[in-house]
Amino acid sequence: MIEATSETPAATPVRIGKGVIHDLGYARYAGERRSPSTLWRVIMRHQLSQTWKTWWRWKLWAVGAAMVTVTVGLVIYLSQNEMFEPLRRNGAAVKLIDGLLPYSFTFFRWMAFGLTMTVGSTNIARDRETGAFGFYFCRPVRARDYVFGKLAGMTLAMASLLVVGPFLLTAFRIGLAHDTDEMLRLLPWLGRVLVVGVLASLVYAALPMAMSAVLGRRWLALGLWAGYWVVATGIFAAIGFFTWTPLIALDPGAALGSLAYGLWGLEVSEKAAQVSVTVALVSIGVHVALAIGILYWRVSREAVGAVGASA
Amino acid sequence: MTAAMVSVERCSKWYGHVLGVSDISWQLTGGVIGLLGPNGAGKSTLMKLMAGLLRPSRGTVRVMGGDPAEDASVRRRIGYAPEHESTYDELTGLELVTTLAHLAGVPRAQAGAAALSALATMGMQATMNRAVKGYSKGMRQRTKLAATLAHDPELLILDEPLTGVDPIARNEIIAKIRALAAAGKTIVVSSHVLYEIEALTQDIVVIHRGQVLAEGNIFEIRRLIDHHPHRIRVECDRPRELAAAIAGSDHVLRVSMERKAILVDTRDPDRCYDELAAAVIERKLDLRAMSSPDNNLGAVFEYLTSGQGRARASE
């Protein structure tokens, strides 16, 4: 019927088309359906499998983290009685075997930064740019399922770099204990390494993804993240160094380093480069919460607001 | 009356100052519906509104009684194939469709089988284990359609499913879409290529500048545009004689000659067909063919989107 123009408020039913067509044997899925509340796990698994697909996205940095683990392990084994000047405890230098473990987070964080450059910082932007948002949100996926799934997937990928290696090194270090008393004294290190590793994984997963969600263009997001992590955080650290030390915590990397040293009771020789455990934890918490908030805000807006045919 | 599968009530969507669709009211009860309009007409916007990917700025969109933008259980019953197809090209076709079936709520254990069945339906068994990045345009479109089907939705929304597909693949996809409609699916297909829609369905909705210009059966629409000159081609052994017989009628605007045929432009096709038939019988002409070259979507669309057509349609 031609009468239904845009000025006509009453909708006109469109008739069912007729034709001589045969069912070609399409096998319909008639089984049960998952609850939407479990779909974040599908997104998490998809994130992990898709990231694992190519050698340069995740595997490269996993190999790097494995090399760091082996190298640091060798140094710990071969230099058990060496002193480690950059770190001190109660004003005195500590043994390399005790100081190298928290210090080694610096190397693992380089690998994590690599993973943010190949996956994390372009993750959401890629989905927005290619139109994958449509594939997700035309299905019963909600914004929170997407955010939680992506975040969980990236955090697990990051944990493979920031938790596994340090945990193995800690276990190795505990294995080198001279007696049972020393071994028992060192056992809490496993908990500490998990705390630092998990928090670092969250930081390296959430921050670049938030930037990725804000910009929505892969190369811009990549540039923003690299600029922030390499330049901006360095400026924050310098401001803190020359003015008020807690400002160093504006740099989440410095906060993570301070947390590691603080949990091991170590201090950096140059004290102005370190903040307390409390300040470090607050900084990490605020950074992660802000990043997740921004991520959720952008995704929930985009989920029902894609523009045009190919957005 | 059959409950509406899709009900759009006075729906408008703006992107800032840009108008996507404007005050559209429309109901769809079933079958294959062709959404037709030039690029930028608002087809994709309307489809995204139906798929729950956009919220209307004004008005309501109900699909199977629910709000697709709010209700995840409604989206589970919708299969939407967007126009673009470059998403996770490093995955194989089977992995991609399995993941998307899984995301649509099919449990992990059954998602693979559902994906396999959908890919087989679209003729992708041989290539489904290859990475999508190596697929041709036609294979990508089939994979996208398989992903749309895998969770067995009741409503399929296919945005330009035939774009860039070679003729053989196009015919196959058209056959698949029609088979799915015969199997009970409600399908909304968009295109700006007229003959593609014509091959799929006779029920169309013409959209232009965000407004529904016309809707219904293409032939009904064509008939309702009775002031639009209608062209009839008649092939016979003595065309000049037939031309002379018909030329005097008041509804005939023009008669032109071809080698073995005449072309009649008329304002009243029904009367013209009757008079042509009578002339053929009376003069014992050898009638070889009679056709209406402009009784197709191209003519309707061209007429509707012209200023003259729009003026007629709104009268």
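# A tour of two chains

Start in chain B and select strands 8 and 9: strand 8 (residues 203-208) runs antiparallel to strand 9, and the two pair over 6 bridges. What you have open is a predicted model. Strand 8 of chain B and strand 9 of chain B make a hairpin, with 2 residues between them. Pick Arg209(B) in that turn, where phi is positive, at about 50 degrees. Then pick His208(B), and look across to Gln211(B) in strand 9 of chain B, which stands opposite.

Is strand 9 of chain B enclosed or open to the outside? Colour residues 211-217: 6 of the 7 are buried, so strand 9 of chain B is largely enclosed by the rest of the structure.

Stay in chain B for two more backbone angles. Most residues other than glycine have a negative phi. Select Arg10(B), which is not a glycine yet has a positive phi of about 45 degrees. Arg10(B) sits in strand 1 (residues 6-15) of chain B. Its surroundings hold 17 other C-beta atoms within 10 Å, so Arg10(B) counts as partly exposed. Next select Asp23(B), also not a glycine, with a positive phi of about 50 degrees. Asp23(B) belongs to strand 2 (residues 18-28) of chain B. With 19 other C-beta atoms within 10 Å, Asp23(B) is partly exposed, because a residue needs 20 or more to count as buried.

Now move to chain A. Show the whole chain as a cartoon: its secondary structure comes to 13 helices and 4 strands. Of its 311 residues, 45% count as buried. Among contacts in chain A with a separation of 6 or more, 76% are between residues 24 or more positions apart.

Select strands 2, 3 and 4 of chain A. They form an open sheet with the order 3-2-4 and antiparallel pairing. Which strands lie at the edges? Strand 3 (92-95) and strand 4 (267-268) of chain A do, each pairing on one side only. Zoom in on strand 2 (residues 83-89) of chain A, which pairs with strand 3 of chain A over 4 bridges in the antiparallel sense. There, Phe84(A) stands opposite Val94(A) of strand 3 of chain A.

Next, select helix 8 (residues 164-175) and helix 10 (residues 188-215) of chain A. Two packed helices are described by the angle and the distance between their axes. Here the axes come within 9 Å and cross at roughly 165 degrees. Helix 8 of chain A and helix 10 of chain A are therefore roughly antiparallel, and the crossing is right-handed. Show side chains for the contact: helix 8 of chain A contributes Pro166(A), Phe167(A), Thr170(A) and Ile174(A), while helix 10 of chain A contributes Trp189(A), Leu190(A), Val193(A), Leu194(A) and Gly197(A). By class, this contact has 7 nonpolar residues, 2 polar ones and no charged ones.

The last stop is Gly257(A), in helix 12 (residues 252-263) of chain A. Is Gly257(A) buried or exposed? Gly257(A) is buried, because 24 other C-beta atoms lie within 10 Å. Leaving aside neighbours within four places in sequence, Gly257(A) is in contact with Phe105(A) and Thr106(A). Finally, draw a distance from Gly257(A) to Ala200(A): these residues are 57 apart along the chain, and their C-alpha atoms are separated by 9.5 Å.

Note on methods:
Residues are numbered from 1 along each chain as its sequence is written. Chains are lettered from A and ligands numbered from 1 in the order in which they are written. This is a predicted model: local features need pLDDT of at least 70, side-chain atom pairs count only at pLDDT 80 or more; totals for chains, interfaces and linings use all residues. Axes are lines fitted to C-alpha atoms, for helices over the stretch in contact, and angles run from 0 to 180 degrees between N-to-C directions. Angles under 35 degrees count as roughly parallel, over 145 as roughly antiparallel, 65 to 115 as roughly perpendicular and the rest as oblique. A crossing is left-handed if the near helix is turned anticlockwise from the far one by less than a right angle, and right-handed if clockwise. Two residues are in contact if their C-beta atoms, placed from the backbone, lie within 7 Å. Ala, Val, Leu, Ile, Met, Phe, Trp, Tyr, Cys and Pro count as nonpolar, Asp, Glu, Lys and Arg as charged, and the others, Gly among them, as polar. A residue is buried if 20 or more other C-beta atoms lie within 10 Å of its own, exposed if 12 or fewer, and partly exposed in between; C-beta atoms are placed from the backbone. Two strands pair if DSSP finds at least two bridges between them.
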